[in-house]
Each structure stands twice: as structure tokens, then as C-alpha cells.
Amino acid sequence: SALCMAIFYKGMTDRETADLTMSMARSGDTVDLSEFGDLSADKHSTGGVGDKTTLIVAPIVAALGAKVAKMSGRGLGHTGGTVDKLEAIPGYRTSLSPEEFMEQSRTVGACVISQTGNLTPADKKLYALRDVTATVDSIPLITSSVMSKKLAAGAKNIVLDVKCGSGAFMKTPDDAKKLAKNMVDIGKSCGRNVVALITDMDAPLGKAIGNSLEVAEAARLLKTGEDCDLMRVSMALASNMIALVKKISVGEALALVKECVRSGAAFEKMKQWISSQGGDSACLDDPSLLPQARLSVPVTSPSDGYIGSMDAQAIGSAAMILGAGRASKNDVIDPAAGIVLEKKTGDRVKKGETLCTLYTNRENSVEEAKNVFLAALSFTAEKPEIRPLVLGRVE
Ligand code: URA
């Protein structure tokens with residue numbers, strides 16, 4: 001704890017950050033993906049609200065020939081985790097033997113499991129300490145936490161999604177750039193191809209927040225190819241991964257990615273991936289097969305105007321109150337709970353119009369979640385300016 005606090009207040013030099021990262025990466029098991037040569041590709045998000053990009057990106061990239069042999073984490077606090085989302089799918093196995101993990105990566109090209117017990121144990125211990133000593137929010141500590149896991153997980157090509165805004169650890173583009181540059185430099189010095197995108201997290205990504213709601217949204221977008229913020233960020237991440245794997249420009253890669261979605265190949269790959277891991281892929285066509293909440297409660301607008309801003313962190317907290325997240329590590333989450341947004345920043349609203357629907361099995365959480373949600377919004381008379389989704393790229 002004293003070390004974390006010293007680093008939090010004093011920062012670290014590049015050399016110190018790199019040394020800490022390497023020590024953490026070597027603190028436990030490492031994954032050997034060398035049999036996939038230059039085809040292995042991984043992504044990592046620094047954590048956001050409604051961020052289900054892995055569910056969309058992994059099948060696209062796998063359908064284009066890359067190997068996404070990936071370990072993901074669980075959510076804590078207002079942020080969600082990919083493993084919790086996948087566990088909302090009946091039957092999906094997040095824990096496979098090393099042999100099963102490699103075999104599925106070989107044959108299907110996409111395999112996502114929960115981080116095995118002994119991958120970067122130093123990060124697990126440090127993260128738990130950071131959580132209770134309020135030292136999570138430190139660039140050198142985030143750098144070493146993320147990059148130790150990425151280096152130990154073995155992929156040759158890595159795309160980092162550094163979130164920036166009200167729902168992210170990095171609140172300003174300058175801090176996000178600094179974090180991105182630190183992580184990219186360390187990855188490259190270890191012989192990996194690394195690119196970071198800085199992406200907006202001033203509002204939740206997409207419309208769904210909560211585990212089965214997010215699976216349904218990801219499946220629907222891959223099936224329909226609908227153009228929206230979530231799809232654009234997912235395509236930006238996927239095309240940067242494909243650009244690294246195939247050694248082509250990001251523009252060329254984006255054309256491949258778009259065609260892969262349009263043709264239905266990406267959605268087919270998603271079904272193949274989910275069913276290979278024991279999940280019921282019928283859920284992807286029919287979301288009513290996913291866990292459903294008993295209560296659905298609309299929240300209506302208290303005024304006329306435009307939605308001027310949304311505090312993504314507060315909206316993540318509202319979803320957590322409904323049961324979608326964990327306040328502490330051992331809390332049990334409800335896969336059916338969450339929020340579906342009807343309106344987002346920049347949308348015009350009329351008094352009494354539905355802003356979102358709350359889904360929960362906990363009757364007594366509704367009032368609090370509704371108040372937290374409404375307090376997270378600001379309303380303006382004029383249409384607000386919307387900043388770009390991808391705020392920068394560091395290579
Ligand atoms: N994500 C991580 O994996 N570690 C951090 O420290 C912050 C976000």
C-alpha cells in the first residue's frame with residue numbers, strides 16, 4: 001500500500017514503469033501463442049460503461065483470419081467486464097483447460113476465457129490494494145497493470161482502447177495520450193506490435209448497460225450492421241488489429257472489416273465462437289432466450305430540450321444499483337439487470353418522453369437507480385457539440 005501511494009503521488013520514470021511492468025508480467029504463468037506466428041491479436045480497454053466491443057471485435061477479426069486467443073476480466077465498480085457479459089449466455093464456459101483454449105483458437109479463431117488464476121498474480125494483489133487505497137487512478141500503475149497482462153497473455157499484435165471522459169479513469173485527452181504512449185512504448189520495447197486508440201467515454205458506449213442486455217445489443221449490431229457509436233468504435237479497433245496482423249493500411253483493413261460485417265461472416269463467426277464454448281448461440285438470434293428481468297421501468301424526461309451531457313460513471317453506478325455490477329469483489333451480479341438508453345447526448349427530448357428503461361429483479365433498487373440516472377443528465381436549450389468518438393491514435 002505504501003508503494004502504491006508513493007507511486008500515486010510521485011509518479012515513476014519510464015524506466016521504473018517498464019521495470020515494474022516486466023516484473024509483474026513475469027510474476028506468474030505466461031501464455032505461449034507462438035504457434036500462431038504473426039496472426040495472434042488481442043485488444044484491451046482501460047474500462048468503460050456499456051463497452052461491449054470485445055463481443056463485436058473478436059468475431060470480426062477472427063472471421064478475417066486472425067487468432068483472438070483472449071483472456072478477459074470481470075467488472076468492478078461502475079465499469080463492466082467482458083467475462084461477466086459472456087457468462088450471461090446460458091452454457092458459456094469462461095474457464096477452459098489450456099489444451100481446449102489452444103484448440104478452439106486454432107479451429108475457430110476466437111476464444112475468450114476468464115483470466116486464469118496464475119496470470120500476473122502480482123497485478124491481482126496490487127489491483128486489490130489499489131482499489132482499497134484509492135490509488136487506481138495513476139498512469140504508471142495503470143500502465144504496468146494493463147501491459148503486464150497483455151505481455152503475459154502472449155499476443156503479437158495488440159490494440160489498446162484508452163477510454164477518455166466522464167466514465168473513464170482518464171478524464172482528459174492529455175492524460176489519455178500520456179497513458180497510451182507509455183503503454184505503446186513498453187509493448188514495442190518487448191517486441192510486440194502495439195497501437196492505442198483514444199476513444200470517447202463521456203457517454204456510455206451503445207445503448208445497453210448490463211450483461212445480457214449488452215450481449216443482445218452486440219449480436220443485433222453484428223447481425224444488422226447498423227451504424228452507431230458502438231459499431232464505429234468496434235470497427236476502428238478491429239481495423240487497427242487487422243492492419244497490424246496483415247501489415248496493411250488501416251484504410252484497407254477498414255474496407256475488409258466492413259465487408260466482413262455486411263456479408264454476415266462476422267455474425268456467423270460469433271455464433272460459432274459462442275457455441276464452441278458451450279453457449280446457446282440461439283440467444284444471439286433471439287435475445288428473449290437470455291436472462292430476463294422481472295421488472296422493466298421507463299424513466300421519463302423531466303423537461304424539454306436537448307441532452308447536453310451524460311455522466312457515464314454515474315449511469316454505470318445506476319446500473320450497478322439495479323444489480324448489473326459489483327460494488328466489491330465478492331458481490332453476485334444479476335445478468336438480467338441494467339439500463340437501455342433511448343436517448344443519448346445531443347438528442348432532442350420532450351417532457352414525459354422515455355429517456356431509458358431500467359431492468360431489474362430488485363424492486364427496492366428502482367427509485368435510487370432512477371434518481372442517480374436523472375442526476376447524471378444535463379439538459380440544454382441548444383443542441384450541444386458532439387466530440388469525435390476516436391480522439392487520437394498513438395503508435
Ligand atoms: N484496467 C486494468 O487492467 N488495470 C488498471 O489498472 C486499470 C484498468
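**Ligand shell, helix 14 and the chain as a whole**

Tutor: In this predicted model, helix 7 gives the most to the shell around the ligand, with 4 residues.

Student: Which elements give two or more residues to that shell?

Tutor: They are helix 6 (121-133) and helix 7 (139-152).

Student: Which residues surround the ligand, and what makes a residue count as near it?

Tutor: A residue is near if one of its heavy atoms lies within 4 Å of the molecule. His-44, Thr-46, Tyr-127, Arg-130, Ile-142, Ser-145, Val-146, Lys-149 and Phe-169 surround the ligand. By kind, 4 are nonpolar, 3 polar and 2 charged.

Student: What makes the pair between the ligand and Lys-149 a polar contact?

Tutor: The cut-off for a pair of N or O atoms is 3.5 Å. An oxygen atom of the ligand is 2.5 Å from an N or O atom in the side chain of Lys-149, so the pair is within the limit. For Ser-145, a nitrogen atom of the ligand is 2.6 Å from a side-chain N or O atom. For Arg-130, the distance is 2.9 Å, from an oxygen atom of the ligand.

Student: How much of the ligand does the protein bury?

Tutor: The ligand taken alone exposes 230 Å², and the protein buries 91% of that.

Student: Why is helix 14 called largely enclosed?

Tutor: Buried means under 20% relative accessible area. In helix 14 (residues 312-322), 8 of the 11 residues are buried, so the rest of the structure largely encloses this helix. The buried residues include Ala-312, Ile-315, Gly-316 and Leu-322. Their cover includes strand 8 (305-310), strand 11 (354-360) and helix 15 (366-375).

Student: What caps the N-terminal end of helix 14?

Tutor: Asp-311 does: one of its side-chain oxygens lies 3.1 Å from the backbone nitrogen of Gln-313. Just after helix 14, Gly-323 takes a positive phi of about 115°.

Student: How many helices and strands does the chain have?

Tutor: The chain has 15 helices and 13 strands.

Student: Why is the chain called as compact as a globular protein of that length?

Tutor: Its radius of gyration is 20 Å, and the globule rule gives 21 Å for 395 residues. The two values are close, so the chain is as compact as a globular protein of that length.

Student: What share of the residues in the chain is buried?

Tutor: Buried residues make up 56% of the 395. Among contacts with a separation of 6 or more, 79% come from residues 24 or more positions apart.

Definitions and conventions
Residues numbered from 1 in each chain as written. Predicted model: local features only at pLDDT ≥ 70, side-chain atom pairs only at ≥ 80, totals over all residues. Heavy atoms only, no water. Polar contact = N/O pair within 3.5 Å; in protein donor to acceptor, adjacent residues only side chain to side chain. Areas by Shrake-Rupley, 256 points an atom, 1.4 Å probe, with all protein chains shown as cover. Nonpolar A, V, L, I, M, F, W, Y, C, P; charged D, E, K, R; others polar. Buried < 20%, exposed > 50% of the residue type's maximum accessible area, 1.4 Å probe, protein only. Contact = heavy atoms within 4.5 Å. Rg over C-alpha atoms; globule rule 2.2 N^0.38 Å.
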